[in-house]
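Colleague: I should be grateful for a close look at a single part of this protein, namely its disulfide. Please also set that part in the context of the chain.

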Amino acid sequence: MNRRAYVATVAAVAVGGCVGTDQVEDRVRDEVSERLGDEAEELSGIDVEETTLPDEPPEDAPTADEEWRLYEFEADEHYEYRVHSREDGPGSFHWTVSEVDGDRLTVEASLAFEDGEEFSRTVTGTDEEVFSELVATPAAVFVAAGLHSPYVTTHEGGVYEGYEWSVVTSEGSLRFAVDGTDRYLGIECYRTVTEVDGEVVHESCLSPDLAFPAAVVYRDEETGEVALEMELIEYERN
């Protein structure tokens, strides 16, 4: 198993992947490192030597149930990102939710690069169905690797400055932490960092008021160079 696959596997086990998997996150909090170590070893084939889980959040920290809305979409919600990838250069990515009916939504995703390449598709389904269909399109790198990322996560206490967890195995270490706050379009967000063996591989900025991150950066694990970057430059919500 390569390191990138290992990181995604351990991240999914340790924090339940993305927001919305409450049972997994509750299990991690309740059963702590022994159960986590067993399951991480079973899924990854790597012995988990040490696990550090988040402390209880401070009383004034936002909570997932009350305030956080990562991947909780609303009708008439529009996101526009400035994007840049090592392979395709600069461009823009648009995500517009036109309708929400229970657990089903209708989304138009469009992508335009400065070199003239363009793509647009409208998809209806559950959020998982929408993501799955778009993964087979030119927008895949921004939907899967950029927005719907195994690193983009909260637990039942939300995200707050000082939030941190880590996993150490015989193959290396993985650390996720919140090291401060930023603002995009006047919206405050929590700046997160993911490290593999002490090297930063992923950064994001998460806001309780946004269903998607305000910013996402992936770095090359070996060189530290930016491989993919997204920055929110326009947001509308009716």
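Modeller: What follows begins with the model as a whole, turns to the disulfide, and ends with two other places in the chain.

The model is a predicted one. The protein chain averages a pLDDT of 76, and 71% of the residues score at least 70. Over residues 1-37 the pLDDT is below 50, although this stretch has 81 contacts in the model beyond near neighbours in sequence. The protein chain has 4 helices and 11 strands. Of its 238 residues, 49% are buried. Among contacts between residues at least 6 apart in sequence, 52% join residues at least 24 apart. The accessible surface of the protein chain comes to about 11,300 Å², and carbon and sulfur atoms account for 41% of that surface.

As to the part requested, the structure holds 1 disulfide. The partners are C189 and C205, whose sulfur atoms lie 2.1 Å apart. The link of C189 and C205 is right-handed, with 90° about the S-S bond. C189 belongs to strand 8 (residues 187-196) and C205 to strand 9 (residues 199-206), so the pair ties together parts that are 16 residues apart in sequence. In general terms, a disulfide is a covalent bond between the sulfur atoms of two cysteines.

Are the two cysteines buried or exposed? C189 has a relative accessible area of 0% and is therefore buried, since the cut-off for that term is under 20%. C205 is likewise buried, with a relative accessible area of 1%.

A second place for inspection is helix 3, which spans residues 127-134 and in which V130, F131 and L134 are buried. Viewed down the axis of helix 3, its buried residues fall within an arc of 95°, so they line one face of the helix. As a general point, an α-helix has 3.6 residues a turn, so residues three or four places apart point the same way. The buried residues of helix 3 pack against strand 3 (89-101), strand 4 (104-113), strand 5 (118-126) and helix 4 (140-147).

Strand 3 leads to the last place, for S92 is found in that strand. S92 is buried, with a relative accessible area of 17%. Leaving aside its neighbours within four places in sequence, S92 is in contact with E80, Y81, V83, S110, L111 and A112.

Definitions and conventions. Residues numbered from 1 in each chain as written. Predicted model: local features only at pLDDT ≥ 70, side-chain atom pairs only at ≥ 80, totals over all residues. Heavy atoms only, no water. pLDDT = per-residue confidence, 0-100. Contact = heavy atoms within 4.5 Å. Buried < 20%, exposed > 50% of the residue type's maximum accessible area, 1.4 Å probe, protein only. Helix = DSSP H or I, 4+ residues; strand = E, 2+ residues; numbered from the N terminus. Arc of directions from axis to C-beta. Disulfide = S-S within 2.5 Å. Areas by Shrake-Rupley, 256 points an atom, 1.4 Å probe, with all protein chains shown as cover.
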